[in-house]
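Q: Please take one part of this structure and look at it closely, then follow its contacts outward into the rest of the chain. I would like a connected account, with the computed values given wherever they carry the argument.

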Amino acid sequence: MNYRQLGDTELKVSELSFGTWAIGGSWGKSSDQEALKGLEKAMDAGVNFFDTADVYGDGHSEKLLAKATKGKEDKIHIATKFCRAGDIFDPETYSEKAVTEYCEASLKRLQRETIDLYQIHCPPMEILKDGRVFEVLDKLQQQGKIRHYGVSVETVEEGLFCLEQENVKALQVIFNIFRQKAVTELLPQAKEKGVGILARVPLASGLLTGKFTKVAKFEEDDHRNFNKDGEHFNVGETFAGVEFSKGVELSEQLKWIAEDRGNMTRAALRWILDHEEITTVIPGFKTVNQVEDNLQATEVPHFSEAELKKLTDFYQHDIHPNIRGVY
C-alpha cells in the first residue's frame with residue numbers, strides 16, 4: 001500500500017481507502033458480518049483511513065467502524081461528517097450547540113476521544129459564506145474533539161471558496177472519469193494551498209465497473225433507485241449525475257480502459273490515483289470480494305499520456321453534456 005500526506009497535516013493515509021455509506025444503508029441489502037470482514041481485509045492490506053457520516057444508516061456505519069477498529073484507534077484514521085441529520089438550510093444546524101451535539105454523538109458511536117477529520121456534509125453555499133460554522137469547528141479543534149476539519153462539496157465553486165478558509169485541511173469531491181471538472185482549477189489550487197482531496201463516488205455508483213445493463217433494477221431502499229433523478233439529494237451523488245441508461249451506454253464505450261488492468265473497476269480507480277493532487281480515493285463496498293477487487297487498483301498499470309488525453313476528450317465531448325445538476 002502506498003501512503004499520501006493529507007494536505008499539509010501530519011496525517012499520512014493509504015492512497016486507496018474506503019467509504020462506508022453502502023454498509024450503513026441506502027445501497028440495498030447489506031450484511032454487518034460481511035461488512036466487518038471487509039473492513040478487516042482492508043486493514044490487513046494496509047488501509048488506514050475510512051470515511052463515514054452520522055447519517056449513514058443513522059450512525060450504523062460509525063458503530064461498525066468502532067467495532068472493526070477497536071484497539072487500533074491510534075493507527076486507523078476516521079473521517080466522519082455532520083449536518084444532514086438536521087435541516088441543512090437552517091443556520092441553527094451549524095450553531096455551536098448543534099455541531100457540538102453532532103460531534104459528541106459521533107464520538108460516542110465511534111468510541112473515540114478525537115475525530116481525525118470532521119467534515120461539513122455538503123452544506124449550501126450560503127452557509128459556507130456565512131462562515132460561522134468554521135468558527136465552531138475551530139473551537140471543537142481547540143477542545144481536542146477533532147484533529148482537523150474539511151468540507152464535502154457538490155460543486156467546484158464551493159470547493160474553491162472553501163480553499164480560502166484558513167483551517168480547512170481537506171475537500172471531499174465527486175471525482176471520476178465521468179466527473180473531471182475539478183482537474184483544471186480545483187485540484188491544482190488545493191495542492192498549492194496544502195489541502196487534501198478525498199475522491200468520492202469514484203465508480204459513478206457502479207457505472208464504471210462495467211457490470212450494469214440498461215435493464216438493471218435496484219432495491220427500493222437503494223439510492224440508485226430512489227434518487228436516480230435527484231429526488232432526495234444532489235443528483236450528482238447518484239451515477240455522477242448521468243441518467244442511468246445513458247450512463248450504461250457511455251460506460252460501454254470505456255471498456256478499453258480494462259486492457260492489461262484486470263477490469264474496469266481497477267482501471268477507473270487507477271485513473272483517479274494517477275492524479276497526484278488526490279490524497280485518497282474512497283470507493284464503497286458491501287462484500288469482501290469488492291474490497292479485494294478495489295485494492296488491486298494500486299497495482300495495475302498507470303495510464304499513458306495518450307490514454308489520459310483520450311479520456312479527457314471523451315469527457316468533454318460525450319459525458320459533460322449529459323451531466324445533470326450543479327457541479
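Which elements are included in what covers the buried residues of helix 12?

A: In this predicted model, the cover over the buried residues of helix 12 includes strand 3 (18-19), helix 2 and helix 11. Helix 12 itself spans residues 288-295, and its buried residues are Val288, Val291, Asp293, Asn294 and Leu295. Two of these, Asp293 and Asn294, reappear when the view is turned around to helix 11, since Thr265 is in contact with both of them, as well as with Leu203, Leu208 and Thr209, once neighbours within four places in sequence are left aside. Thr265 lies in helix 11, and because its relative accessible area is 3%, it belongs with the buried residues, for which the cut-off is under 20%.

Helix 11, which runs from residue 264 to residue 273, holds a second residue worth examining, Arg270. Although its side chain is charged by class, Arg270 has a relative accessibility of 3% and therefore counts as buried. Apart from residues up to four places away in sequence, Arg270 touches Arg4, Ala297, Thr298, Val300, Pro301, His302 and Phe303.

Helix 2, another part of the cover over helix 12, leads on to helix 3. The axes of helix 2 (residues 32-44) and helix 3 (residues 60-68) come within 10 Å and cross at roughly 55°, so the two helices are oblique to each other, and the crossing in which helix 2 passes helix 3 is right-handed. On the side of helix 2, the residues that meet helix 3 are Asp32, Ala35, Leu36, Leu39, Glu40 and Met43, and their partners in helix 3 are His60, Leu64, Leu65, Lys67 and Ala68. Sorted by class, this contact comprises 7 nonpolar, 1 polar and 3 charged residues.

Beyond the surroundings of helix 12, salt bridges add a further set of links, and a search of the whole structure finds 24 of them. One of these pairs Glu96 with Lys139, whose closest N and O atoms are 3.1 Å apart. Since Glu96 is in helix 4 (residues 96-110) and Lys139 is in helix 6 (residues 132-142), the pair ties together parts that are 43 residues apart in sequence. Both ends count as partly exposed, Glu96 at 37% relative accessibility and Lys139 at 38%.

Helix 4 supplies a further partner in Glu104, which forms a salt bridge with Lys145, the closest N and O atoms being 2.7 Å apart. Here the link reaches from helix 4 to the loop between helix 6 and strand 7 (146-152), with the two positions 41 residues apart in sequence, and Glu104 is partly exposed, its relative accessible area being 38%. Ser106, by contrast, is a residue of helix 4 that counts as buried, because its relative accessibility is 0%. Not counting residues up to four places away in sequence, Ser106 touches Asp54, Glu62, Thr80 and Ile115, while its C-alpha atom is separated by 17 Å from that of Lys139, a residue 33 places along the chain.

A salt bridge of another setting joins Glu154 and Arg200, with the closest N and O atoms 3.4 Å apart. Glu154 belongs to the loop between strand 7 and helix 7 (156-162) and Arg200 to strand 9 (residues 196-200), so that this pair ties together parts 46 residues apart in sequence; both residues are buried. Salt bridges can also be shared among several residues, as with Arg112, Asp116 and Arg147, which are linked in a network.

Two points of backbone geometry complete the account. Most residues other than glycine have a negative phi. Ala204 departs from this pattern, having a positive phi of about 50° although it is not a glycine; it is found in the loop between strand 9 and helix 9 (223-226) and is buried, with a relative accessible area of 0%. Cys122, likewise not a glycine, has a positive phi of about 50°, and its place is the loop between strand 6 (115-121) and helix 5 (125-130). At 6% relative accessibility, Cys122 counts as buried.

Note on methods. Residues are numbered from 1 along each chain as its sequence is written. This is a predicted model: local features need pLDDT of at least 70, side-chain atom pairs count only at pLDDT 80 or more; totals for chains, interfaces and linings use all residues. Side-chain values use heavy atoms; hydrogens and water are left out. A salt bridge is a side-chain nitrogen of Lys or Arg within 4 Å of a carboxyl oxygen of Asp or Glu. Helices (H or I, at least four residues) and strands (E, at least two) are DSSP runs, numbered from the N terminus. Buried means under 20% relative accessible area, exposed over 50%, partly exposed in between (1.4 Å probe, protein chains only). Axes are lines fitted to C-alpha atoms, for helices over the stretch in contact, and angles run from 0 to 180 degrees between N-to-C directions. Angles under 35 degrees count as roughly parallel, over 145 as roughly antiparallel, 65 to 115 as roughly perpendicular and the rest as oblique. A crossing is left-handed if the near helix is turned anticlockwise from the far one by less than a right angle, and right-handed if clockwise. Contact means heavy atoms within 4.5 Å.
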